[in-house]
Amino acid sequence: MYLSRLTALPGVSGDEGAVRCFIKEQIAPYCDRVETDKMGNLLAFKKGYANCGKTLMLCAHMDEVGLIASRITEEGFVTFKTVGGIDPRVLISKRVCVGKQAHPGVIGRRAIHLLSAEERKQMPKIKDLYIDIGAKNKKEAEKKVKVGDYIVFDSAYREFGDGLIKAKALDDRAGCAALIEAAKTDCAWDVCFAFTVQEEVGLRGAKVCGKHVAPDFVVVVEGTTCSDLPETKERMVSTRLAKGVALSFIDGSTCYNRSLVQAVYDLAKTNDIPIQFKQTATGGNDAGALHLAAGGIKTVSLSVPARYIHSPSSVIARSDYQAMLDLIQCLMKEVQHVYIA
């Protein structure tokens with residue numbers, strides 16, 4: 001399983017190089033051609049056995065949410081901006097690694113007993129947080145980090161409970177891992193395994209590779225919100241852990257092709273692959289850009305439900321990951337029967 005190694009790599013949006021190098025090394029033996037476009041997307045192509053002239057794109061994004069250093073204070077602390085959508089409440093007291101040398105740091109805020117009663121009621125603001133890298137002053141801090149350095153969460157991969165996995169960047173290294181495994185499967189159509197950049201900051205990589213490859217059918221492979229937590233109202237539950245791969249019919253950026261959604265759902269049921277519908281319409285993914293590219297591309301989205309998504313410690317179920325992989329491989333074998341022109 002590639003997931004433990006992939007989640008350990010740094011890859012904040014705009015700095016996906018380490019992830020790209022690892023994926024290229026792993027997937028190249030199973031593909032006919034691998035290239036990197038000007039945006040930084042990694043595209044791995046595999047010839048289909050039916051020679052029908054059609055292309056299936058399987059897409060997962062390499063980037064993760066994180067931080068970027070914006071200023072070094074006179075006291076030697078590092079202030080930062082978020083890269084991608086992060087709830088400030090998950091940041092306080094979390095360990096991070098700063099810059100290419102992965103200097104250790106801790107995200108801090110004024111102690112609670114120094115906050116006013118009103119401040120204690122308010123959500124913390126990013127401008128009030130800082131990173132302590134152990135420097136005595138600005139001059140010492142500047143020897144270790146600089147403005148513009150990327151900052152990643154320092155959170156180890158752990159398996160726990162009944163088949164659960166905790167790690168950073170499961171959105172969307174789970175998708176990346178699944179596509180590397182899927183590359184070992186033969187497909188009737190030609191396949192482009194697309195590993196995109198900068199999804200978390202506006203689907204930027206997908207906008208480029210969708211137009212470049214112009215596939216006939218796209219399957220976006222993602223991580224999505226899982227809100228099966230205590231006191232969550234039933235109507236707000238998006239997906240449930242350990243209930244199978246999640247299939248979207250609508251979200252904040254895409255109305256998915258309903259005929260293909262039904263065909264993929266039926267394929268999963270026929271092959272006894274656990275599947276569930278994502279039942280909220282919030283969020284979005286690379287499908288938002290891909291379904292609009294090259295004159296319009298038919299698109300579906302498969303996701304692994306992830307608790308505490310966009311945090312240092314997301315949680316997925318191994319069984320949901322396996323269901324997603326099984327469905328991708330099944331779809332590759334049956335794409336000629338599933339695709340509806």
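**Figure 1. Close-up of Y308, a partly exposed residue with a relative accessible area of 41%, in a predicted model.** Y308 belongs to the loop that runs between β16 (298-306) and β17 (314-317). Although Y308 is not a glycine, its phi is positive, at about 55 degrees. Most residues other than glycine have a negative phi.

**Figure 2. Close-up of the loop between β5 (78-83) and β6 (95-98), with S93 and I92.** S93, which is not a glycine, likewise has a positive phi, here of about 75 degrees. With a relative accessibility of 55%, S93 counts as exposed, whereas I92 has a relative accessible area of 27% and is partly exposed. The C-alpha atom of I92 is separated by 7.7 Å from that of L129, a residue 37 places away along the chain. L129 is also one of the residues in contact with I92 once neighbours within four places in sequence are left aside, and the others are I107, R109 and P124.

**Figure 3. Close-up of the cis peptide bond from D171 to D172.** The omega of this bond is near 15 degrees, while most peptide bonds are trans. D172 is placed in helix α5, which comprises residues 170-182, and the packing of α5 against α9 is the subject of the next view.

**Figure 4. Close-up of the packing of α5 against α9.** Two packed helices are described by the angle between their axes and the distance between the axes. For α5 and α9, the axes come within 10 Å and cross at roughly 40 degrees, which means that α5 is oblique to α9. This crossing is right-handed. On the α5 side, the contact is made by A174, G175, A177, A178, L179, E181 and A182; on the α9 side, it is made by Y321, M324, L325, I328, Q329 and M332.

**Figure 5. Close-up of the packing of α7 (residues 258-270) against α9 (residues 318-338).** The axes of α7 and α9 are 10 Å apart, and the two helices pack at an angle of about 120 degrees, so α7 is oblique to α9. The crossing in which α7 passes α9 is right-handed. Residues L260, A263, V264, L267 and A268 of α7 take part in the contact, and the residues of α9 that meet them are L327, C330, L331, E334 and V338.

**Figure 6. Close-up of Y256, a buried residue in the loop between β14 and α7.** The relative accessible area of Y256 is 3%, and Y256 is therefore buried. Its side chain is joined to that of D251 by a polar contact of 2.6 Å. When neighbours within four places in sequence are left aside, the residues in contact with Y256 are S248, F249, I250, D251, V261, N285, A287, T299, V300 and S301. Y256 and G288 are 32 residues apart in sequence, and their C-alpha atoms are 9.5 Å apart in space.

**Figure 7. Close-up of S227 in the loop between β13 (217-225) and β14 (245-247).** S227 has a relative accessibility of 18% and so counts as buried, the cut-off for this class being under 20%. The side chain of S227 reaches the backbone nitrogen of S238 at 2.9 Å. S238 is also among the residues in contact with S227 when neighbours within four places in sequence are left aside, together with T232, M236, V237 and T239.

**Figure 8. Close-up of the cysteines C31 and C52, in a structure that holds zero disulfides.** The cysteine sulfur closest to that of C31 belongs to C192 and is 9.0 Å away, which is too far for a bond, because a disulfide requires sulfur atoms within 2.5 Å. C52 is likewise in no disulfide, and the nearest cysteine sulfur to it, that of C187, is 8.3 Å away. With 11% relative accessibility, C31 counts as buried, whereas C52 has a relative accessible area of 37% and is partly exposed.

How values were computed: Residues are numbered from 1 along each chain as its sequence is written. This is a predicted model: local features need pLDDT of at least 70, side-chain atom pairs count only at pLDDT 80 or more; totals for chains, interfaces and linings use all residues. Side-chain values use heavy atoms; hydrogens and water are left out. Buried means under 20% relative accessible area, exposed over 50%, partly exposed in between (1.4 Å probe, protein chains only). Helices (H or I, at least four residues) and strands (E, at least two) are DSSP runs, numbered from the N terminus. A polar contact is a pair of N or O atoms within 3.5 Å; within protein, one must be able to donate a hydrogen and the other to accept it, and residues adjacent in sequence count only if both atoms are side-chain atoms. Contact means heavy atoms within 4.5 Å. Axes are lines fitted to C-alpha atoms, for helices over the stretch in contact, and angles run from 0 to 180 degrees between N-to-C directions. Angles under 35 degrees count as roughly parallel, over 145 as roughly antiparallel, 65 to 115 as roughly perpendicular and the rest as oblique. A crossing is left-handed if the near helix is turned anticlockwise from the far one by less than a right angle, and right-handed if clockwise.
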